[in-house]
Amino acid sequence: MRAIGRFRRGVRRARPVPRREAPFLEIAVSRFAPQLLLSLAASVAAPAIASGPAAAGDDPLKPVYVVAAERTHRAALADAGTRLRTLAGRDGEALAISRVPAGRLPELVRHVHEKEKRCGGFFAFDSREQAEAFVRDDLSALAVSAQAVEYTVDNQATVTPWLGQVREADIRATIRSLSGNWTTRHAATASGRAASDWIRDSWKRLAANRADVSVEQVACGNCGQQPSVVLTVRGNELPDEVAVLGAHMDSIASGGSSASAPGADDDASGVATLTEVLRVALGSGWKPRRTVKFMAYAAEEIGLRGSNAIAVDHRNRGVNVVGVLQLDMTNYRTAGAADLRLISDNSNAGLQGLVRQLYSRYLGGGTLAEYRCGYGCSDHASWTSAGYPAAMLFEGGTATGGYSPHIHTRNDTLANMGNSAANSVPFAKLGLAFLGELGKTSGM
Ligand SMILES: [Zn+2]
């Protein structure tokens, strides 16, 4: 009951949601538990997880329905897409729903990256109805201030011994494999599928001999050939409370889905960092109080598709996700830059506070800076939109506030990051602290 009370206080702090977009909220907030509220919000949306084989997804004329900032639409899609509707976004920034031929999406990706100097930037759907349902059901206003549970830092007994076990060489080896085994990990390609299989198999090896750990691939209706990978460690005492750590597996570059896109920083580094967190935590025999899930998302670069399907599915099933941490680009840093940056927009205030606390308690010494990444910049935005508390960590980048100049090109390689994963080591340590303090330890 404590959790519900706290959630309600968070709800009252949230900005008012325009009645036109979420007519159920005023009634639902005062009467129902959070899971029920979330279920109500989602009950009209079409199920996002496909049960059959994934669609091919590479027809350049196939219409894609895009939700992006209105200014992004104006600058990048004015002659490539048809604007269907403009509406007010949560931060006062106008959003637009547009219909775009799939073959023109790379122009949108390139615009956001090169002109707006940020990543991601839009959500993509197969139908206008799905796009309309997404903006109608958006729970970001609740998610940024809601407090699902009380976040505490009291599990040093588990976390501290983990930190010294992080190995740069292991993170480097995973980045090398993911960025070197295939020309691209684009979701529409066979190699994008092979990369998903590779991650599934390497996570399965780390989970060997653990009956409480399962690994599965999760297809989504508009993720092309690529399923997401989800590893679950079942909680011993609080199995219905779920903590999530995620990164995206796909890569992209100009020139279509077959263009050379090693994606070493974006986001092989995030998947490699997660894999190292898993290796250390499972290797120690740790069993959590809460359920924890590791997710490698499909199709982030073409509209946050894998993560949105999973987040909406969790909302539809009323799953109580108590915190989500996203790692998207962890390994590029030049002299004078911060060690890590915490995204300050479209994420949960309480969870940002927890990450700061964890940083000063377990890492210290270096610098944790802030960064605003704009509308829909990575997979944490899918969880935020679905009403869940989420936060994202981002690389230190450059001393002037930039990030890797190589992403979304053939030059996003380990060689262009000094053939080292040293910059990802603090992310793995912070990931372990997040895991140990949000998942806690069974029997403690
Ligand atoms: Zn990325």
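Here is a short walk through a zinc site and a sheet in this structure. Keep in mind as you look around that the model is predicted.

Let's start at the metal. The zinc ion takes its protein donors from His 248 (NE2), Asp 266 (OD) and Asp 328, the last of these giving OD twice. These atoms lie 1.9 to 2.6 Å from the zinc ion. Along the sequence, the donor residues follow the spacing H-x17-D-x61-D. Two of them bring distant parts of the chain together: Asp 266 belongs to helix H11 (residues 264-283), while Asp 328 sits in the loop between strand E9 (320-327) and strand E10 (340-343), 62 residues apart.

What arrangement do the 4 donor atoms make around the zinc ion? It is irregular, because the angles they subtend run from 53 to 150 degrees. For four tetrahedral donors, the ideal angle at a metal is 109.5 degrees. You can also check how accessible the two aspartates are. Asp 266 counts as buried because its relative accessibility is 3%, and Asp 328 is buried too, at 1%.

Now turn to the sheet. Its 4 strands form an open sheet in the order E2-E3-E1-E4, and their pairing is antiparallel. Strand E2 (82-88) and strand E4 (122-125) are the edges, each pairing on one side only. From one strand to the next, the twist averages 20 degrees.

Look closer at E2 and its partner, strand E3 (residues 94-101): the two run antiparallel and are joined by 6 bridges. Here you will find Ala 88 opposite Ala 94 in E3. Finally, helix H4 (residues 70-77) lies across strand E1 (63-69), E2 and E3, at about 35 degrees to E3.

Definitions and conventions: Residues numbered from 1 in each chain as written. Predicted model: local features only at pLDDT ≥ 70, side-chain atom pairs only at ≥ 80, totals over all residues. Heavy atoms only, no water. Donors = N, O, S within 2.8 Å, 3.2 Å for Na, K, Ca; no water. Tetrahedral: all angles 85-135°; square planar, octahedral: opposite > 155°, others 65-115°. Buried < 20%, exposed > 50% of the residue type's maximum accessible area, 1.4 Å probe, protein only. Pairing = 2+ DSSP bridges. Axes fitted to C-alpha atoms, helices over the stretch in contact; angles between N-to-C directions. Contact = heavy atoms within 4.5 Å.
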